Number of protein chains: 2
Amino acid sequence: MCSAYSERWGVCVWFTGLSGAGKSVTARALTELLNKRGREVTLLDGDVVRAHLSKGLGFSKVDRDANILRIGFVASEVVRHGGIAVCAAISPYRATRGEALRMVGADRFVEVFVNTPLGVCEQRDVKGLYSMARRGEIKNFTGINDPYEPPMNPSIELETEVLSIEENAQRIMEYLEGQGFVCAAAS
Amino acid sequence: MCSAYSERWGVCVWFTGLSGAGKSVTARALTELLNKRGREVTLLDGDVVRAHLSKGLGFSKVDRDANILRIGFVASEVVRHGGIAVCAAISPYRATRGEALRMVGADRFVEVFVNTPLGVCEQRDVKGLYSMARRGEIKNFTGINDPYEPPMNPSIELETEVLSIEENAQRIMEYLEGQGFVCAAAS
């Protein structure tokens with residue numbers, strides 16, 4: 001199933017979920033696992049994207065969509081060259097995630113739903129954004145005053161309350177191995 | 001010199017020159033030649049970049065620099081995965097081109113100076129932009145009321161008055177073959 005040939009196929013691992021759900025930390029843990037297997041990864045999470053692609057974009061629907069399509073464009077180019085793109089943005093709208101999938105190609109797109117409930121994300125409130133949104137200091141905040149549309153049929157669904165970051169990253173690795181995108185570690 | 005191994009090294013071909021110099025047409029001709037050799041290419045010229053990366057950016061120095069660094073970021077990721085990035089933006093400022101070179105890596109960066117004189121570009125005026133700039137309808141237009149800093153030491157310098165688009169694209173192919181980035185066509 002897995003060979004040097006299939007390893008030259010690219011793949012896009014697309015995380016979606018609420019702010020604070022654990023997308024970025026899981027994406028970074030996955031990137032480390034892939035690097036340990038000798039695979040190059042383009043990580044496109046909030047920090048990277050703000051620095052390199054989307055400075056100046058805000059949180060309106062138009063700007064959010066522009067941001068997601070920009071990430072989708074870069075991911076599709078990486079995948080076309082046989083690389084691995086790991087994308088971690090809230091990407092709240094189903095239709096826009098569908099656009100990203102179409103850009104990359106459905107057979108190269110792995111959708112990972114980080115299904116941490118709103119209550120848990122809000123309680124963690126790592127960046128203090130939920131309390132700002134509740135006080136009305138942030139408009140269009142996903143889950144509070146802007147919708148989050150969960151995936152209908154994600155490739156993988158993660159529950160971050162039950163499993164650790166490392167366990168979740170490992171689950172994705174096993175999925176990628178099962179699909180032949182990554183060769184299993186030599187035993 | 002050339003092998004399947006070296007072909008897995010990526011490379012960035014970075015065109016620079018005035019508006020109307022012939023960057024984009026030459027970049028597209030080069031892309032076709034590379035595709036004919038079975039190589040995947042990410043083409044980042046004005047049209048692609050405006051559509052996918054930089055909608056909303058203008059022509060101030062800050063916006064121009066943001067645009068160039070965004071192209072540099074995508075090119076560097078493509079090259080890291082062993083792909084070929086062909087970039088064609090005016091990229092008027094030497095320091096910003098230097099930033100792009102640093103992002104990609106100097107040993108993977110081929111700078112192509114499309115050295116068509118201002119007078120010739122202005123006479124062609126394919127998009128009517130020079131006459132608009134002369135009438136003061138466009139601010140910060142490179143060559144008219146914004147500087148163009150030519151490369152000090154480009155990898156390749158093209159003169160579009162003497163050679164055709166195809167001949168220039170062929171010259172770049174020969175350079176890429178000579179450097180081992182592309183295997184010579186089987187004879």
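**Core, fold and contact in a two-chain model**

The largest nonpolar core holds 96 residues. Cys12(A), Cys87(A), Cys12(B) and Cys87(B) have the most contacts inside this core. The model is predicted. In soluble globular proteins, nonpolar side chains tend to be buried together. One of the core residues, Cys87(A), shows what such a position looks like. Neighbours within four places in sequence are left aside here. Cys87(A) is then in contact with Cys12(A), Trp14(A), Phe15(A), Leu44(A), Ile71(A) and Ala75(A). Cys12(A) thus appears twice: as a contact of Cys87(A), and among the core residues with the most contacts.

The overall form of chain A was examined next. Its secondary structure comes to eight helices and five strands. Along the sequence, these elements follow the pattern α-β-α-β-α-α-β-α-β-α-α-β-α. Chain A has 187 residues, and a compact globule of that length would have a radius of gyration near 16 Å. The value for chain A is 16 Å, so it agrees with the compact globule. Along the principal axes, the C-alpha atoms of chain A fill a box of roughly 55 × 35 × 30 Å. Of the 187 residues in this chain, 43% count as buried. Contacts in chain A between residues at least 6 apart in sequence were also considered. Of these, 75% join residues at least 24 apart.

The two chains touch each other. Chain A gives 16 residues to the contact, and chain B gives 16 residues. On the side of chain A that touches chain B, helix H4 (residues 61–80) of chain A gives the most, with seven residues. By class, this side of chain A has five nonpolar, six polar and five charged residues.

In chain B, helix H5 spans residues 94–104. Thr96(B), Arg97(B), Ala100(B) and Val104(B) are buried in this helix. Seen down the axis of H5(B), the buried residues fall within an arc of 105 degrees, so they line one face of the helix. The buried residues of H5(B) pack against three elements of chain B: strand S1 (11–16), helix H4 (61–80) and strand S4 (109–114). The other side of H5(B) has a contrasting setting. There, Ala95(B) and Arg102(B) are exposed. Gly105(B) comes just after H5(B) and takes a positive phi of about 110 degrees.

Methods: Residues are numbered from 1 along each chain as its sequence is written. Chains are lettered from A and ligands numbered from 1 in the order in which they are written. This is a predicted model: local features need pLDDT of at least 70, side-chain atom pairs count only at pLDDT 80 or more; totals for chains, interfaces and linings use all residues. A residue is buried if 20 or more other C-beta atoms lie within 10 Å of its own, exposed if 12 or fewer, and partly exposed in between; C-beta atoms are placed from the backbone. Helices (H or I, at least four residues) and strands (E, at least two) are DSSP runs, numbered from the N terminus. The arc is that of the directions from the helix axis to the C-beta atoms. Two residues are in contact if their C-beta atoms, placed from the backbone, lie within 7 Å. The radius of gyration is taken over C-alpha atoms; the globule rule is 2.2 Å times the number of residues to the power 0.38. Ala, Val, Leu, Ile, Met, Phe, Trp, Tyr, Cys and Pro count as nonpolar, Asp, Glu, Lys and Arg as charged, and the others, Gly among them, as polar. A nonpolar core is a set of buried Ala, Val, Leu, Ile, Met, Phe, Trp, Tyr and Cys residues joined through C-beta atoms within 7 Å.
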